Amino acid sequence: MNRVPKSTWLPIVLLIYLGAMAYIGYADYASGASSALYYFGIIGITLIVILTLHFVLKHKERLRREREDNLNR
């Protein structure tokens, strides 16, 4: 059985967490306690960080796989 790489499961977990936090924070946005720029800005920045994390982890996994392949030759 193949294991799910960290570059896949960790961003998915963080996206679920972001969704929950956005849902909880929506009441403040809807009531006017926080601005649209703040609410959607935080969501956007967090999405960028999660996407960057995905690509960094993907790169590390590729380097690790290449290193293991070179050792096995």
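This passage describes the helices, the nonpolar core, the surface and the charged residues of a predicted model.

Two helices recur throughout the description, namely α1, which spans residues 6-31, and α2, which covers residues 36-72. The largest nonpolar core is made up of five residues, Leu18, Ala22, Tyr39, Ile43 and Ile50. The elements that contribute two or more residues to this core are α1 and α2, and the largest share, three residues, is supplied by α2. Such a grouping may be read against a general tendency, since in soluble globular proteins nonpolar side chains tend to be buried together.

Within this core, Leu18 is a residue of helix α1. Because its relative accessibility is 12%, and the cut-off for burial is under 20%, Leu18 counts as buried. When residues up to four places away in sequence are not counted, Leu18 touches Ile43, Thr46, Leu47 and Ile50, and of these Ile43 and Ile50 are also members of the core. The pairing of Leu18 with Thr46 brings together positions that are 28 residues apart along the chain, with their C-alpha atoms separated by 7.7 Å.

Ala22, a further member of the core, is likewise placed in helix α1. With a relative accessibility of 16%, Ala22 falls under the 20% limit and is therefore classed as buried. Its contacts, leaving aside neighbours within four places in sequence, are with Tyr39 and Ile43, both of which belong to the core. Ala22 can also be located relative to Phe40, from which it is separated by 18 residues in sequence and, C-alpha to C-alpha, by 9.0 Å in space.

The loop between α1 and α2 contains Ser34. At 17% relative accessibility, Ser34 is counted as buried, and, with neighbours within four places in sequence left aside, it is in contact with Asp28, Tyr29 and Tyr39. Tyr39 thus appears both among the contacts of this loop residue and in the nonpolar core.

Another set of contacts involves Leu57, which is found in helix α2 and is buried, with a relative accessible area of 13%. Not counting residues up to four places away in sequence, Leu57 touches Lys6, Ser7 and Leu10. Leu57 and Ser7 are 50 residues apart in sequence, yet their C-alpha atoms lie 5.0 Å apart in space. Glu61, also in helix α2, has Lys6 and Ser7 among its contacts together with Pro5, when neighbours within four places in sequence are left aside. Lys6 and Ser7 are therefore touched by Leu57 and by Glu61, where contact means heavy atoms within 4.5 Å.

On the surface, a nonpolar patch is formed by Tyr17, Met21, Tyr23 and Ile24, which together have about 520 Å² of accessible area. Ile24 is part of helix α1, and because its relative accessible area of 56% is over the 50% limit, this residue is classed as exposed.

With regard to charged side chains, the count comes to one salt bridge, which is formed by the side chains of Arg62 and Glu66, with a nitrogen-to-oxygen distance of 3.3 Å. In general terms, side chains of opposite charge can pair when their charged atoms come close. Arg62 and Glu66 both lie in helix α2, where they are four residues apart, or about one turn of the helix. Both partners are partly exposed, since the relative accessible area is 35% for Arg62 and 37% for Glu66.

Glu61, by contrast, is buried yet has no salt bridge, and the nearest side chain of opposite charge, that of Lys58, is 5.1 Å away. Because a salt bridge requires a nitrogen of Lys or Arg within 4 Å of a carboxyl oxygen, the distance of 5.1 Å to Lys58 leaves Glu61 without one.

Note on methods. Residues are numbered from 1 along each chain as its sequence is written. This is a predicted model: local features need pLDDT of at least 70, side-chain atom pairs count only at pLDDT 80 or more; totals for chains, interfaces and linings use all residues. Side-chain values use heavy atoms; hydrogens and water are left out. Buried means under 20% relative accessible area, exposed over 50%, partly exposed in between (1.4 Å probe, protein chains only). A nonpolar core is a set of buried Ala, Val, Leu, Ile, Met, Phe, Trp, Tyr and Cys residues joined through side-chain atoms within 4.5 Å. Patches are made of residues with over 30% relative accessible area and no salt bridge: like charges are joined within 9 Å, nonpolar side chains (Val, Leu, Ile, Met, Phe, Trp, Tyr) within 5 Å. Accessible areas come from the Shrake-Rupley method with a 1.4 Å probe; for residues, only the protein chains shown count as cover. Lys and Arg count as positive and Asp and Glu as negative; His and the chain ends are not counted.
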